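I opened my notebook on a structure I had not looked at before. I began with the strands, then went on to helices, cores and rings.

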Amino acid sequence: LLAPVLAFTADEAWGFIPGRAGPSVHLAEWVPGGLAVAEPVAAVWQTLLGLRETVLPALEKARQAKTIGKALEARVTLRVAPPTLAVVQPHALELRELLNVSQLHFAPPVATRDPAAVGVEVAKAEGSKCERCWHWETEIGTHPAHPGLCARCVAALA
C-alpha cells in the first residue's frame, strides 16, 4: 500500500516478509481485500459520514462569510433529533475529527415537519489556538510547563 510513496523503504521491508510473492513489492499483484464490519458499527459510521456531508457546506459558507478562516477555527453546533443524538453523541470525538473542527456541541432540534432534519450552526471557536495541534481550546495556558498547549497535547507529551 505504501510502495508508491515509500518506494525504497517498501522494497527493503518486502525482503523481510516470509513467503513473499516475487523479488520486489513493485512486481507483486495487489489484491484488494474486503473490510468486514458489523452492521451496528456500519450504521454508526453511515450516520457520522451523513452528518459530515451536511456540515461541510455550512463550514464552507462560514469560510466565505469570513466567520472562520479554516475549519479548525470553527465551533459547530448540531441540532439533531433524539434518536440520531443517541447514536452520534457517544462518537462525538470521532465526528469532531471527521469534521476537522475544534469544538462540537449538540443542542435540541428546532421543531420542524421533518424529524430527521439536522440544524447546523457555525461560529468562531472559543479560546485560543494550541501551538502544537492548532485546535482552538479554552484551557490553553493552564499547564505551567507548556503554556501554549491544550490539555490533549500536554498529555501526549507526558
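**Strands.** My first look-up was R75, which stands opposite Q103 in β2. I kept in mind that this is a predicted model. Next I asked how β1 and β2 run with respect to each other, parallel or antiparallel. They run parallel, and five bridges join them.

**The sheet.** I then looked up the strand order. Three strands form an open sheet, and the order is β2-β1-β3. The pairing is mixed. Which strands are at the edges? I found β2 (103–107) and β3 (119–124) there, each pairing on one side only. From one strand to the next, the twist averages 20°.

**Helices on the sheet.** I checked what packs on the sheet. Helix α2 does, and it touches β1 and β3. The direction of α2 makes about 40° with that of β3. Helix α4 packs on the sheet too, touching β1 and β2. For α4 and β2, I noted an angle of about 125° between directions.

**R96.** I picked one residue of α4 to follow: R96 has its place in that helix. Is R96 buried or exposed? I noted it as buried because its relative accessible area is 13%, and the cut-off for buried is under 20%. I listed its contacts, leaving out residues up to four places away in sequence. R96 touches V101, S102, Q103, L104, H135, E137 and R152. Q103 was already in my notes as the residue opposite R75.

**The largest core.** In soluble globular proteins, nonpolar side chains tend to be buried together. I looked for such groups here. The largest nonpolar core has 17 residues. Those with the most contacts inside it are L59, V76, L78 and L95. I wrote down that α2 (39–64), β1 (74–79) and α4 (92–99) each supply at least two of its residues. Helix α2 gives the most, with six residues.

**L59.** I followed L59 further. What does L59 touch, not counting residues up to four places away in sequence? My list reads I68, A71, A74, V76, L99, V101 and V122.

**A second core.** Apart from the largest core lies another, of seven residues. Among them are C130, I140, C153 and V154.

**Rings.** I searched for aromatic pairs, and the count came to zero. I turned to charges over rings instead. The charged end of K124 sits over the ring of W136, at 4.5 Å from its centre. K129 lies over the face of W134, and there I noted 4.7 Å from the ring centre.

How values were computed: Residues are numbered from 1 along each chain as its sequence is written. This is a predicted model: local features need pLDDT of at least 70, side-chain atom pairs count only at pLDDT 80 or more; totals for chains, interfaces and linings use all residues. Side-chain values use heavy atoms; hydrogens and water are left out. A nonpolar core is a set of buried Ala, Val, Leu, Ile, Met, Phe, Trp, Tyr and Cys residues joined through side-chain atoms within 4.5 Å. Buried means under 20% relative accessible area, exposed over 50%, partly exposed in between (1.4 Å probe, protein chains only). Helices (H or I, at least four residues) and strands (E, at least two) are DSSP runs, numbered from the N terminus. Contact means heavy atoms within 4.5 Å. Rings of Phe, Tyr and Trp (its six-membered ring) pair if their centres lie within 6.5 Å; planes under 30 degrees apart count as stacked, over 60 as edge-to-face and the rest as tilted. A charge sits over a ring if NZ of Lys or CZ of Arg is within 6 Å of the ring centre and within 35 degrees of the ring normal. Two strands pair if DSSP finds at least two bridges between them. Axes are lines fitted to C-alpha atoms, for helices over the stretch in contact, and angles run from 0 to 180 degrees between N-to-C directions.
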